[in-house]
Amino acid sequence: MDAYVSNDAGFSGSSVSEVDLSRRMFLAWLGIGLASLALPVPLWAMDDGRRTYQETITVLSGLYRGEVESHLRYKAYEARALQEGHANIAHLFAATADSEAIHAQRFSEILARLGVVVVPAEQLAGELAFHVGSTKENLRQATEVELAEIDVRYPQYLARMRAEGVEGALKAVAYAWRSEQQHRELIKDIQSGTGIFFGMLVERFRTTPVRYFVCQHCGSTLTAMPVERCPVCGFSIEWYKEIPLPAG
Ligand SMILES: [Fe+2]
Ligand SMILES: [Fe+2]
């Protein structure tokens, strides 16, 4: 199955009438059809009187896909930076890629709890295509396109989900938003030099070692270990992992 599939208990039961059977076959068919469209199976299709979280599922499903794509894109940017001899910029992209993988993981876990199983990241990788330019272009793309609208889009996601009140989902999206803001600041720090001074900035960046630490719970990306707790999710600093400098 190459998309979202329900694992909901709506298909279980002790006595199976023909009507039930045909209904279940229809729902199974509906599930397969929707799966082929890479959409979540709507919980309303189960018609079992349980509460539904359709908006939360829709938002999280889209975000999950976006996080997988961001992870892959940053990994590609990392590889390109290494090819161009910018190990420290590759290091920054390695850190942001790790953070995006955490976001994808958290969203997929919450979707699973809501009865939706997502396409595995490895499988999605085969479906996604994106442009990878020079490191100078990639830095600009990251801040001027990928991260440009986050302060508009994330409040909209949260507003759409709020009425359904899935606390874990609301927190995970808020954490992802905060992490994206951190990425924007980190990348902007060097992206501001992508004009005529790019070479000088790269040189400065090369000679100023930076360390990156990523919270494995929320994706928070910092250049120094926090003192006690993650400033984004509040988990202990044990959750932070230092991202090694990629080998050139
Ligand atoms: Fe993210
Ligand atoms: Fe955290």
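This is a guided tour of a predicted model, taken one selection at a time.

**Whole chain**

Start with the protein chain in cartoon view. It holds 8 helices and 5 strands. Reading from the N terminus, the order of the elements is β-α-α-α-β-α-α-α-α-α-β-β-β. If you colour the 248 residues by accessibility, buried residues come to 47% of the chain.

**Helices H2 and H3**

Select residues 54–83, which form helix H2, together with residues 87–113, which form helix H3. Two packed helices are described by the angle between their axes and the distance between the axes. For H2 and H3 the angle is about 160° and the axes are 8 Å apart. Angles over 145 degrees count as roughly antiparallel, so H2 is roughly antiparallel to H3. The crossing of H2 past H3 is left-handed. Now show the side chains in the contact of H2 with H3: 20 of the residues are nonpolar, 6 are polar and 5 are charged.

Stay on helix H3 and pick two of its residues. Leu 111 belongs to H3 and counts as buried because its relative accessibility is 0%. Draw a distance from Leu 111 to Tyr 64: the C-alpha atoms are 9.2 Å apart, while the two residues are 47 apart in sequence. Ser 99 is also placed in helix H3. With a relative accessibility of 0%, Ser 99 counts as buried. From the C-alpha atom of Ser 99 to that of His 183 the separation is 9.1 Å, across 84 residues of chain.

**Helices H2 and H5**

Keep H2 selected and add helix H5, residues 135–146. How far apart are the axes of H2 and H5, and at what angle do they pack? The axes lie 9 Å apart and the angle is about 155°. H2 and H5 are therefore roughly antiparallel to each other. H2 passes H5 in a crossing that is left-handed.

**Iron ion (ligand 1)**

Next, centre the view on the iron ion (ligand 1). Which residues coordinate it? The donors are Glu 67 (OE), listed twice, Glu 100 (OE), His 103 (ND1) and Glu 180 (OE), at 1.8 to 2.8 Å. Along the sequence, the donor residues of this ion follow the spacing E-x32-E-x2-H-x76-E. Glu 67 is in helix H2 and Glu 180 is in helix H7 (residues 167–191), so this pair ties together parts of the chain that are 113 residues apart in sequence. Glu 67 and Glu 180 are both buried.

**Along helix H7**

From Glu 180, move to another residue of helix H7, Leu 186. Buried means under 20% relative accessible area, so Leu 186, at 18%, counts as buried. Extend the selection to Leu 222, which is 36 residues from Leu 186 along the chain; their C-alpha atoms are separated by 8.8 Å.

**Iron ion (ligand 2)**

Now go to the iron ion (ligand 2) and show its protein donors. These are the SG atoms of Cys 215, Cys 218, Cys 230 and Cys 233, lying 2.3 Å from the ion. The donor residues are spaced C-x2-C-x11-C-x2-C in sequence. What is the geometry of the site of the iron ion (ligand 2)? It is tetrahedral, with angles of 104 to 117° among the 4 donor atoms. For reference, the ideal angle for four tetrahedral donors is 109.5 degrees. Cys 215 and Cys 218 are buried.

**Strand S3**

For the last stop, select residues 212–215, strand S3, where Val 214 is located. Is Val 214 buried or exposed? Its relative accessibility is 0%, so Val 214 counts as buried. Finish with a distance from Val 214 to Tyr 240: their C-alpha atoms are 5.3 Å apart, and the two residues are separated by 26 positions along the chain.

Notes. Residues are numbered from 1 along each chain as its sequence is written. Chains are lettered from A and ligands numbered from 1 in the order in which they are written. This is a predicted model: local features need pLDDT of at least 70, side-chain atom pairs count only at pLDDT 80 or more; totals for chains, interfaces and linings use all residues. Side-chain values use heavy atoms; hydrogens and water are left out. Axes are lines fitted to C-alpha atoms, for helices over the stretch in contact, and angles run from 0 to 180 degrees between N-to-C directions. Helices (H or I, at least four residues) and strands (E, at least two) are DSSP runs, numbered from the N terminus. Angles under 35 degrees count as roughly parallel, over 145 as roughly antiparallel, 65 to 115 as roughly perpendicular and the rest as oblique. A crossing is left-handed if the near helix is turned anticlockwise from the far one by less than a right angle, and right-handed if clockwise. Ala, Val, Leu, Ile, Met, Phe, Trp, Tyr, Cys and Pro count as nonpolar, Asp, Glu, Lys and Arg as charged, and the others, Gly among them, as polar. Donors are N, O and S atoms within 2.8 Å of the metal (3.2 Å for Na, K and Ca); water is not among the atoms, so sites may look incomplete. Four donors count as tetrahedral if all angles lie between 85 and 135 degrees; four count as square planar and six as octahedral if opposite donors are over 155 degrees apart and all others between 65 and 115; anything else is irregular. Buried means under 20% relative accessible area, exposed over 50%, partly exposed in between (1.4 Å probe, protein chains only).
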